[in-house]
Amino acid sequence: MSLLDDMERDISETFLNEEEFAEERTVAGRKISCFLYENTPTAGMDEMGVATYGYTLQAKAGDIPSLRAGDSLRIDGNIWTVIDYSNDFGMAVVKLTKHG
């Protein structure tokens, strides 16, 4: 087994295991195991003075579409704006903002 195979197994069996760390959410119309957490240092105000909150979504890269800054993403019925997307060894890391 290769290192990448080991990492893929760890993502599915440990990090995204709903009995361990992850939770089920509906992302882009699909129920997936993921993390969604607030990054309080990135909270701020947009150009209209509306409070914004920085969040990160982490999921198996194959479970969510490839995204670019400015794209919209629906999570549990709420619309989020993508700030950044990266694929970190099979784990999608999506920086998001939500208007309050």
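# A tour from strand β1 to the core

Start by selecting Glu24, which lies in strand β1. This is a predicted model. Glu24 is partly exposed, at 47% relative accessibility. Now add Phe35 to the selection. The two residues are 11 apart in sequence, and their C-alpha atoms are 8.5 Å apart in space.

**Zoom out**

Show the whole chain as a cartoon. The protein has one helix and seven strands. Along the sequence they follow the pattern α-β-β-β-β-β-β-β. Of the 100 residues, 35% count as buried. The accessible surface comes to about 6200 Å², and carbon and sulfur atoms hold 50% of that surface. Among contacts with a separation of 6 or more, 45% join residues 24 or more positions apart.

**Charged pairs**

How many salt bridges does the count come to? The count is three. Begin with Glu23, Arg25 and Asp76, which are linked in a network of salt bridges. Show their side chains as sticks. Arg25 meets Glu23 at 2.9 Å, N to O. Glu23 is partly exposed, with a relative accessible area of 33%. Arg25 also meets Asp76, at 2.6 Å, N to O. Asp76 sits in the loop between β5 (72-75) and β6 (78-88), while Arg25 sits in strand β1 (residues 23-27), so this pair ties together parts that are 51 residues apart in sequence. Asp76 is partly exposed too, at 37% relative accessibility.

Move on to Asp63 and Arg30. Their side chains form a salt bridge, with the closest N and O atoms 3.8 Å apart. Asp63 is in the loop between β4 (51-60) and β5, and Arg30 is in strand β2 (residues 30-38), so the pair ties together parts 33 residues apart in sequence. Arg30 is partly exposed, with a relative accessible area of 42%.

**The β5-β6 hairpin**

Go back to Asp76 and look at its backbone. The hairpin of β5 and β6 has two residues between the strands, and Asp76 takes a positive phi there, near 50 degrees. Follow the strands away from the turn. β5 and β6 pair in the antiparallel sense over four bridges. Select Ile75 next: its bridge partner in β6 is Asn78.

**The aromatic pair**

Stay on β6 and pick Trp80, then add Tyr55. The structure holds one aromatic pair. It is formed by the rings of Tyr55 and Trp80, whose centres are 4.8 Å apart and whose planes stand at 80 degrees, so the pair is edge-to-face. Tyr55 lies in strand β4 and Trp80 in strand β6, so the rings tie together parts 25 residues apart in sequence. Are these two residues buried or exposed? Both Tyr55 and Trp80 are buried.

**The nonpolar core**

Last stop. Select Val27, Leu57, Ile64, Leu73, Ile75, Val94 and Leu96. Of the 18 residues in the largest nonpolar core, these touch the most other members. Color the contributing strands: β2, β4, β5, β6 and β7 (91-99) each give two or more residues to this core. In soluble globular proteins, nonpolar side chains tend to be buried together.

Center on Leu57 and display its surroundings. Which residues is Leu57 in contact with, leaving aside its neighbours within four places in sequence? The list includes Val27, Ile64, Leu73, Ile75, Val94 and Leu96. Cys34, Phe35 and Leu36 are also among the contacts of Leu57, as are Ala92 and Val93. Phe35 closes the loop of the tour: it is the residue whose C-alpha is 8.5 Å from that of Glu24.

Notes:
Residues numbered from 1 in each chain as written. Predicted model: local features only at pLDDT ≥ 70, side-chain atom pairs only at ≥ 80, totals over all residues. Heavy atoms only, no water. Salt bridge = Lys/Arg side-chain N within 4 Å of Asp/Glu carboxyl O. Buried < 20%, exposed > 50% of the residue type's maximum accessible area, 1.4 Å probe, protein only. Pairing = 2+ DSSP bridges. Phe/Tyr/Trp six-rings, centres within 6.5 Å; stacked < 30°, edge-to-face > 60°. Core = buried A, V, L, I, M, F, W, Y, C linked by side-chain atoms within 4.5 Å. Contact = heavy atoms within 4.5 Å. Areas by Shrake-Rupley, 256 points an atom, 1.4 Å probe, with all protein chains shown as cover.
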